[in-house]
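Reader: I would like to learn how to read sheets, pockets and cavities in a model. Could you take me through one?

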Amino acid sequence: RFSIEITMPVAERLIANGRLLKDDVAGLERTMSYRPDKPLPTYLMAFAQGDFFSATRMHGSLPVSVWARRGVQVEWDAILNETVREIALFEKLLTPYPYEKYVIVLVPEFGGGMEHASITFNEETRSSQPLRGDFGLMAHELGHHWFGDLVTVTHWDDLWVKEGMATLLSAEAMRTFEDEKQTGLMMGDFFNIKNGDAIRDPALSPGEKYTSGPYGRAAWFYTQIRSMIGEKAFWGALRTLLIENQYGS
């Protein structure tokens, strides 16, 4: 459990994990603080501070926001509409979204995305004017809020558990574009797999483990199980896993 409080120039704003506790202005300074309601793995702690502009859309009682540097051209409606759609989809497949808010922060000089709980960092140049592939990136990081954040892994060798599932969930979110007739495709051709990359490789250091193995190959492994046991049993097992291990590993 943790909280964060930062004092900054009055024109700037702070975004961080958790619920906003304070936003006080005194003269030329502004003090803001946040605290998550639930315990988090330390590697998911994050904050961003700067001259941000934001837009918010409600998904029921859940505020869904996008933050970007003031002046950056952003397709606010496209990002918010797709994010709300993906949250609703994952809630239907899994469990209710587990945190106080969901925020996408578009940051410069940053590659890809990172799923800090309740606050995802996405690459500014890639996600501010999203294409279909960018929607897939958004879905991958959102999927981690169940697999990786709500239930995290015990050891780096277990990386495939969360990365493979986020990869599968991303493909499932793209079904609306790729399987428009709802034929039940397994979406296996979405998974990039390099020959020789293992799902789990204890010989690699943590930083070296991020190959196609824990991503595409693990998603393919999950998909094989899914095809064998069927939709009801597959998603039901995942819901049980999340409920029994929530806010733990």
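**Strands, helices and empty space**

Author: Gladly; let us begin with one pair of facing residues, arginine 19 and arginine 35, the latter in strand 4. Keep in mind that this is a predicted model.

Reader: Strand 3 and strand 4 pair over how many bridges, and in which sense?

Author: The pairing of strand 3 with strand 4 is antiparallel and runs over seven bridges. These two strands belong to an open sheet of three strands, ordered 1-4-3 and paired antiparallel.

Reader: Which strands stand at the edges of that sheet, and why do we call them edges?

Author: Strand 1 (4–9) and strand 3 are the edge strands; each has a single partner, so one side of each has no neighbour in the sheet. On average, neighbouring strands here are turned by 15 degrees against each other, with direction ignored.

Reader: What is the strand order in the sheet of five strands, and how is it paired?

Author: That open sheet has the order 6-7-8-10-9, and its pairing is mixed. At its edges are strand 6 and strand 9 (113–114), which each pair on one side only. Within the sheet, strand 6 and strand 7 are joined in the antiparallel sense by eight bridges. For a pair to look up on screen, take methionine 58, which faces proline 63 in strand 7.

Reader: Which strands does helix 1 lie across?

Author: Helix 1 (residues 76–93) lies across strand 6, strand 7 and strand 8 (102–107). Relative to strand 6, helix 1 runs at about 40 degrees.

Reader: Now to the empty space. How is it found in general?

Author: A probe the size of a water molecule is rolled over the atoms, and this shows where empty space is left. Here we can go through the pockets and then the cavities.

Reader: What is the volume of the largest pocket, and which residues lie nearest its centre?

Author: The volume of the largest pocket is about 300 Å³. It has 14 lining residues, and those nearest the centre are Gly136, His140, Thr167, Ser170 and Phe190. Helix 3 (132–143), helix 4 (159–173) and helix 6 (213–229) are the elements that each supply two or more residues to this lining. Helix 3 gives the largest share, four residues.

Reader: How does the lining of the largest pocket divide by class?

Author: There are six nonpolar, seven polar and one charged residues in the lining of the largest pocket.

Reader: And what about the second largest pocket: what is its volume, and which elements line it?

Author: The second largest pocket has a volume of about 240 Å³. It is lined by 17 residues, with Ile15, Tyr34, Ser65, Trp67 and Lys101 closest to the centre. Two or more lining residues come from each of strand 2 (13–16), strand 3 (19–26), strand 4 (29–35), strand 6 (52–59) and strand 7 (62–69). By class, this second lining holds seven nonpolar, four polar and six charged residues.

Reader: How many cavities of 30 Å³ or more are there?

Author: The count is two. About 50 Å³ is the volume of the largest cavity. Its lining is made up of Trp156, Asp157, Leu159, Ala198, Ile199, Arg200, Asp201, Lys209 and Pro214. Five of these lining residues are nonpolar, none is polar and four are charged.

Reader: What lines the second largest cavity?

Author: The second largest cavity holds about 40 Å³ of space. Around it are Asn17, Gly18, Pro36, Asp37, Lys38, Leu40, Tyr99, Glu100, Ala117 and Ser118. By class, that gives four nonpolar, three polar and three charged residues.

Reader: Let us return to Pro214 from the largest cavity. Is proline 214 buried or exposed?

Author: The cut-off for buried is under 20% relative accessible area. Proline 214 has 3%, so it counts as buried. Proline 214 sits in helix 6, and, leaving aside neighbours within four places in sequence, proline 214 contacts Leu159, Trp160, Glu163, Gly164, Ala198, Ile199 and Lys209. Between the C-alpha atoms of proline 214 and valine 66, 148 residues apart along the chain, the separation is 29 Å.

Reader: Why does threonine 223 count as buried?

Author: Threonine 223 counts as buried because its relative accessibility is 2%. Threonine 223 also has its place in helix 6. Setting aside neighbours within four places in sequence, threonine 223 is in contact with Leu168, Met186 and Phe191.

Methods. Residues are numbered from 1 along each chain as its sequence is written. This is a predicted model: local features need pLDDT of at least 70, side-chain atom pairs count only at pLDDT 80 or more; totals for chains, interfaces and linings use all residues. Side-chain values use heavy atoms; hydrogens and water are left out. On a 1 Å grid over the protein atoms alone, a cavity is a set of points where a 1.4 Å probe fits but cannot get out, and a pocket is an open set with protein on both sides within 12 Å along at least five of seven lines; lining residues have an atom within 4 Å of a point. Grid points are joined across faces, edges and corners, and a volume is the space filled by probe spheres set on the points. Ala, Val, Leu, Ile, Met, Phe, Trp, Tyr, Cys and Pro count as nonpolar, Asp, Glu, Lys and Arg as charged, and the others, Gly among them, as polar. Buried means under 20% relative accessible area, exposed over 50%, partly exposed in between (1.4 Å probe, protein chains only). Contact means heavy atoms within 4.5 Å. Two strands pair if DSSP finds at least two bridges between them. Axes are lines fitted to C-alpha atoms, for helices over the stretch in contact, and angles run from 0 to 180 degrees between N-to-C directions.
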